[in-house]
Amino acid sequence: MNGEFIPADQGVISIRTHGFSYGTGCFEGIRGYWNEEDQQLYLFRLREHYIRFLNSCKILQISLPYTVEQYVEISIELIKRNGFREDIYMRPMAYKSDQIVGVRLHNLEDHIVITSEPFGNYIDLGGLHCGVSSWRRIEDNSIPARAKITGSYVNSAFAKSEAMQNGFDEAIMLTHDGHVSEGSAENIFLLMNGEFVTPSSTENILLGITRDTIIELARREFGRITRERQIDRTELYIVDEIFLCGTGAQIAPVIKVDHRPVGDGSIGPISKALQQLYFDVVRGHIPDYRAQWCTPVYSATPQVAQPTGTGSEALD
Ligand SMILES: Cc1ncc(COP(=O)(O)O)c(C=O)c1O
């Protein structure tokens, strides 16, 4: 917190903090996956999360003293000090820290805190029933969704609670002009006639890092180009497969929307294959993607060479 490693219970802020009163903060959600075989914890797409974090800060007029590379180092050190040997979630958060009354972004002090904790699944991965929300997604000219702003999660909370209190598992939000935007904390993909389709960056979405990962995996592993375009609400009712994705959600297939089965109402083959591939990728099981996207926390563990019978086996 502000340049020091401290026990989490000492990480406190005043009740008069600007960010707490007005939602003037931004954050990231980053996952780390424990790989038992490698005895290693891999942080997934760490650099990309911090690039987006600094972009959110820029939009909110928050200036922080560190570079992306420094955040990567600080994050590794934080997880090391916690000594986690399980899946984790890490949350960097920057916020306006002045203890004043007055709504604005400028001439305020900025603080930063990074927390981490053990973490399992965020939502059910075995097939969701989603409801189209009566709450519309916030507009770029109201609270920009491309920045991960703390205050904008009130919009997500309205949608999520409405969905759950109406018996659904998750909400799908539309834009003000009635096109599909995203879930309460997830991007959305549709599969139609073998094509991957997802709302484009101008549909008031958070430009998800998982979304980007899927676009790349679809191209490299399935040979499919993703169409980023406007999507009508009723396309949700007739496509072959739907899944939600995000750091928290991972890949969560949707099997029903507004009481209508997606496809035949069970998890589709592409969603299933992609979900399996995704878990292999994030856990560092696939060397190419591990080198590209997974940052190891702990220094390389010595690999015990197979005994050769010479009596001089070495560790390398
Ligand atoms: C509103 C919203 N959309 C999309 C996402 C997915 O983004 P990412 O894949 O970068 O976690 C999230 C989750 O972080 C989110 O909160």
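Q: Where does Thr24 lie, in relation to α1 (18-22) and β1 (25-27)?
A: In this predicted model, Thr24 lies in the loop that runs between α1 (18-22) and β1 (25-27).

Q: Why is Thr24 called buried?
A: The relative accessibility of Thr24 is 9%. Buried means under 20%, so Thr24 counts as buried.

Q: What makes the pairing of Thr24 with His18 a polar contact?
A: The side chains of Thr24 and His18 approach to 2.8 Å. The limit for such a pair of N or O atoms is 3.5 Å, so the value falls within the definition. The side chain of Thr24 also reaches the backbone nitrogen of Gly19, at 3.5 Å.

Q: Which residues does Thr24 touch, not counting residues up to four places away in sequence?
A: Among them are His18, Gly19, Leu60, Ile62, Tyr95 and Thr150.

Q: Why is the pair Glu48 and Arg45 called a salt bridge?
A: The closest N and O atoms of Glu48 and Arg45 are 3.2 Å apart. A side-chain nitrogen of Arg within 4 Å of a carboxyl oxygen of Glu meets the definition, and the pair is therefore a salt bridge. The structure holds 15 salt bridges.

Q: Are Glu48 and Arg45 buried or partly exposed?
A: Glu48 has a relative accessible area of 25% and is partly exposed. Arg45, at 6%, counts as buried. The boundary for buried is under 20%, so the two residues fall on opposite sides of it.

Q: What makes Glu216 and Arg220 a salt bridge, and how are they placed in helix α5 (residues 209-222)?
A: Their side chains meet at 2.7 Å, N to O, and the cut-off is 4 Å. Glu216 and Arg220 are 4 residues apart in helix α5, so about one helical turn separates them. Glu216 counts as buried at 18% relative accessibility, whereas Arg220 counts as partly exposed at 35%. Elsewhere, salt bridges that share partners join Arg45, Glu48 and Asp212 into one network.

Q: How do you know that Glu170 and Lys160 form a salt bridge, and which parts of the chain does the pair link?
A: The N to O distance between the side chains of Glu170 and Lys160 is 3.1 Å, which is within the 4 Å limit. The pair links distant parts of the chain, with Glu170 in strand β7 (residues 170-174) and Lys160 in helix α4 (residues 153-165), 10 residues apart. Both Glu170 and Lys160 are buried. Side chains of opposite charge can pair when their charged atoms come close.

Q: Why is Ser184 called buried, and which residues is it in contact with?
A: Ser184 has 5% relative accessibility, and so counts as buried under the 20% limit. Its place is in the loop between β8 (180-183) and β9 (187-192). Leaving aside neighbours within four places in sequence, Ser184 is in contact with Tyr153, Ser156, Lys160, Glu170, Ala171 and Met173. Lys160 and Glu170 are the partners of the salt bridge described above.

Q: What makes Thr295 buried?
A: The relative accessible area of Thr295 is 15%. That value is under 20%, so Thr295 is buried. Thr295 is placed in strand β15 (residues 294-296). Its contacts, with neighbours within four places in sequence left aside, are Leu41, Tyr42, Leu43, Leu46 and Ile76.

Q: Which residues have the most contacts inside the largest nonpolar core?
A: They are Leu41, Leu43, Tyr50, Phe53, Leu64, Ile79 and Met90, in a core of 28 residues. The elements giving two or more residues to this core include β3 (40-44), α2 (46-59) and β4 (88-96). α3 gives the most, with 6 residues. Apart from this core lies another, of 23 residues, among them Ile172, Ile188, Leu190 and Ala249.

Q: Which residues are closest to the ligand?
A: Of the 16 residues that surround the ligand, the closest are Tyr153, Glu182, Ile209, Thr210 and Thr247.

Q: What makes the approach of Glu182 to the ligand a polar contact?
A: A polar side-chain atom of Glu182 lies 2.6 Å from a nitrogen atom of the ligand, and the cut-off is 3.5 Å. A polar side-chain atom of Thr210 lies 2.6 Å from a ligand oxygen atom, and a backbone N or O atom of Ile209 lies 2.7 Å from an oxygen atom of the ligand. Taken alone, the ligand exposes 390 Å², of which the protein buries 97%.

Key. Residues are numbered from 1 along each chain as its sequence is written. This is a predicted model: local features need pLDDT of at least 70, side-chain atom pairs count only at pLDDT 80 or more; totals for chains, interfaces and linings use all residues. Side-chain values use heavy atoms; hydrogens and water are left out. Buried means under 20% relative accessible area, exposed over 50%, partly exposed in between (1.4 Å probe, protein chains only). A nonpolar core is a set of buried Ala, Val, Leu, Ile, Met, Phe, Trp, Tyr and Cys residues joined through side-chain atoms within 4.5 Å. A residue is near a molecule or strand if one of its heavy atoms lies within 4 Å of it. A polar contact is a pair of N or O atoms within 3.5 Å; within protein, one must be able to donate a hydrogen and the other to accept it, and residues adjacent in sequence count only if both atoms are side-chain atoms. Accessible areas come from the Shrake-Rupley method with a 1.4 Å probe; for residues, only the protein chains shown count as cover. Contact means heavy atoms within 4.5 Å.
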